[in-house]
Amino acid sequence: MPELTRRRRLLILAICCLSLLIVGLDNTVVNVALPAIRTDLHAESSGLQWVVDAYTLVLAALLMLSGSTADRIGRRRTFQTGLVLFVLGSLLCSIAPGLGWLIVFRAVQAIGGSMLNPVAMSIITNTFTDPRERAQAIGVWGGVVGISMALGPVVGGLLVDTAGWRSIFWMNIPVGLAALALTAVYVPESRALRARRLDPVGQLLVVALLGSLTYTIIEGPGQGWTSPAILTLGCVAAASLGGFLVWERRREEPLIDLRFFRSIPFAAATAIAVCAFAALGGFLFLNTLYLQEVRGYSPVVAGLWTLPMAALTLVCAPLSGRIVGRTGPRLPLLVAGATMTASGLLLTTLTADSSTALLLASYALFGLGFGMVNAPITNAAVSGMPRDRAGVAAAVASTSRQVGQSLGVAVIGTVAVSAVVGPFATGFPAASHAAWWITAGCGVAVLLLGIISTTRWAGHTAADVAARLNPDHRKAPVRT
């Protein structure tokens with residue numbers, strides 16, 4: 001790819017951020033609309049979980065395939081295809097005649113979404129080649145998460161209040177079409193230096209693992225943990241995981257190069273992504289039910305309550321990128337782990353009439369932590385990797401985020417909802433306490449992994465992996 005001016009690089013970053021904006025808006029907007037969807041489509045709580053997880057599961061299952069496909073056939077072409085499918089899926093969701101169709105159309109959205117964020121991150125990685133400039137670009141990228149979190153609940157709440165829940169999908173259409181047109185004009189095509197072969201067996205094993213595991217978690221309480229269907233799917237999940245690990249070790253060009261995980265920073269970043277986004281998925285799901293169905297707030301008022309979280313995510317994400325670029329990932333990870341833990345602990349005392357101070361403090365702490373955690377995750381995923389592996393490495397990081405969010409909605413949501421005794425409005429606050437303890441535990445995991453992954457020993461493992469993946473790579477001192 002020819003050298004690009006700084007202005008052109010920043011424009012490419014802005015175009016890529018548009019894709020993150022619509023994907024992020026979709027997550028936050030749908031959460032605000034869940035109570036309205038429950039009423040209109042007569043959905044059970046497990047049905048609401050599937051409205052969220054149908055999207056995140058398909059996204060997680062296809063991200064790695066999309067990343068490697070983009071490296072093979074062209075990143076711009078894949079990115080444009082994803083935009084078309086995402087806009088089409090959004091249109092179909094807005095006319096879904098029932099819950100089942102809505103879940104199916106959410107999966108269509110996810111197929112398109114799988115071609116957006118990891119491919120956009122690969123475009124950014126190949127556009128911003130200077131490590132410090134790349135870390136700052138990733139920080140801006142993370143800041144868009146805050147924008148989507150800020151706009152999503154408020155705009156979504158207004159749309160649900162004034163035009164119904166179906167209108168929440170309309171906003172994706174003009175933004176997606178604008179990104180499509182701008183991509184055609186300004187984003188250069190790029191590919192990996194050597195095309196990687198596809199891995200259909202590995203891809204099918206990933207789909208089987210994620211689908212069976214999530215179904216088991218969500219439907220287990222309702223069908224019974226010892227029911228034949230749940231036991232069978234639990235075995236399918238275990239067998240798929242074992243089969244995937246064995247198969248990938250034998251492949252010359254696997255879906256995921258397991259050698260990546262010999263790098264402690266990379267492996268820790270993957271685990272941190274799962275934990276942080278599990279906390280986020282559970283946080284958004286529980287908060288929506290609490291604010292609207294326990295406190296009785298309208299969708300737009302419930303959205304306004306989340307603004308402290310969104311605002312701090314918006315401010316802290318680019319700040320985190322600058323810190324990572326200058327001093328490394330340790331400080332952002334420690335702050336993220338500590339504040340997310342504190343937020344979860346505060347919410348373990350939640351009642352139907354908890355004080356405004358408690359709610360706002362917990363939301364602000366969570367936003368601060370979540371804003372700090374994104375840049376270190378992505379930077380660890382792509383730093384030190386050969387540029388022709390950038391698509392797959394970024395896709396692993398993005399997959400970890402979506403797997404975490406799926407598991408967060410499934411596990412945290414199931415723990416809270418299944419423990420409700422009596423009417424939902426009175427029983428939910430106490431039932432959610434165990435779920436908030438899980439959220440706090442995710443914060444502790446981020447804190448501990450942040451410490452371990454930023455040691456000098458961890459840095460040496462990253463250098464060793466980079467040298468093995470690229471024999472011409474020269475080991476450089478690793479800053480911790």
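**A predicted all-chain walk-through: confidence, overall form and six residues**

Let me begin at the end of the chain, where residues 473-480 have a pLDDT that stays under 50, and where the model has 16 contacts beyond four places in sequence for that stretch. Where pLDDT is low, the predicted coordinates should not be read in detail. I start there as a reminder that what you have in front of you is a predicted model, and I will therefore keep to what was computed from it. For the protein chain as a whole the average pLDDT is 84, and 91% of the residues score at least 70.

Now to the overall form. How many helices and how many strands does the protein chain have? There are 18 helices and zero strands, and the radius of gyration is 21 Å, close to the 23 Å that the globule rule gives for 480 residues, so the chain is as compact as a globular protein of that length. If you turn the model along its principal axes, the C-alpha trace spans about 65 × 45 × 45 Å.

We can also ask what share of the protein chain is buried. Buried residues make up 58% of the 480 residues. When we take the contacts with a separation of 6 or more, 84% of them are accounted for by residues 24 or more positions apart, and several of the residues I am about to show you will give you examples of partners from other parts of the sequence. The surface that the chain exposes comes to about 18100 Å², and carbon and sulfur atoms supply 68% of that area. As for charge, the chain has 34 positive and 21 negative charges, and the mean positions of these two groups are 10 Å apart.

Let us now go through some single residues, and please find each one in the structure as I name it. The loop between helix H1 (6-41) and helix H2 (45-73) holds His-42, a residue with a positive phi of about 55° although it is not a glycine. Is His-42 buried or exposed? With a relative accessible area of 71%, His-42 is exposed, because the cut-off for that word is over 50%.

Just past that loop we enter helix H2, and there we find Gln-49. At 3% relative accessibility Gln-49 counts as buried, and if we leave aside its neighbours within four places in sequence, Gln-49 is in contact with Ile-218, Phe-285, Val-409, Ala-410, Gly-413 and Thr-414.

The next residue, Thr-399, lies in helix H15, which covers residues 390-418. Thr-399 is buried, with a relative accessible area of 7%. Which residues does Thr-399 touch, not counting those up to four places away in sequence? They are Ala-60, Leu-63 and Met-64. The C-alpha atoms of Thr-399 and Val-274 are separated by 8.8 Å, although these residues are 125 residues apart along the chain.

I would like to put two tryptophans side by side. Trp-141 sits in helix H6, residues 131-163, and is buried at a relative accessible area of 8%, whereas Trp-247 sits in helix H9, residues 228-250, and counts as partly exposed at 26%. Beyond its sequence neighbours within four places, Trp-141 is in contact with a list of residues that includes Cys-16, Cys-17, Leu-20, Asn-117 and Met-121. Trp-247, again not counting residues up to four places away, touches Asp-199, Val-201, Gly-202 and Leu-205. With Val-201, the C-alpha to C-alpha distance from Trp-247 is 8.1 Å, and the two are 46 residues apart in sequence. For Trp-141 I have a distance to Gly-296, and here the C-alpha atoms are separated by 34 Å, with the two positions 155 residues apart along the chain.

My last residue is Val-335, found in helix H13, residues 330-347. Where does a relative accessible area of 24% place Val-335? It makes Val-335 partly exposed, and its contacts, leaving aside neighbours within four places in sequence, are with Leu-368 and Met-372. From Val-335 to Ser-167 the distance is 37 Å in space, C-alpha to C-alpha, and 168 residues in sequence.

To close, please take away the picture of a predicted chain with 18 helices and zero strands, and keep in mind residues 473-480, where pLDDT stays under 50.

Definitions and conventions
Residues are numbered from 1 along each chain as its sequence is written. This is a predicted model: local features need pLDDT of at least 70, side-chain atom pairs count only at pLDDT 80 or more; totals for chains, interfaces and linings use all residues. Side-chain values use heavy atoms; hydrogens and water are left out. Helices (H or I, at least four residues) and strands (E, at least two) are DSSP runs, numbered from the N terminus. The radius of gyration is taken over C-alpha atoms; the globule rule is 2.2 Å times the number of residues to the power 0.38. Buried means under 20% relative accessible area, exposed over 50%, partly exposed in between (1.4 Å probe, protein chains only). Contact means heavy atoms within 4.5 Å. Accessible areas come from the Shrake-Rupley method with a 1.4 Å probe; for residues, only the protein chains shown count as cover. Lys and Arg count as positive and Asp and Glu as negative; His and the chain ends are not counted. The place of a charge is taken as NZ of Lys, CZ of Arg, CG of Asp or CD of Glu. pLDDT is the predictor's confidence in each residue, from 0 to 100.
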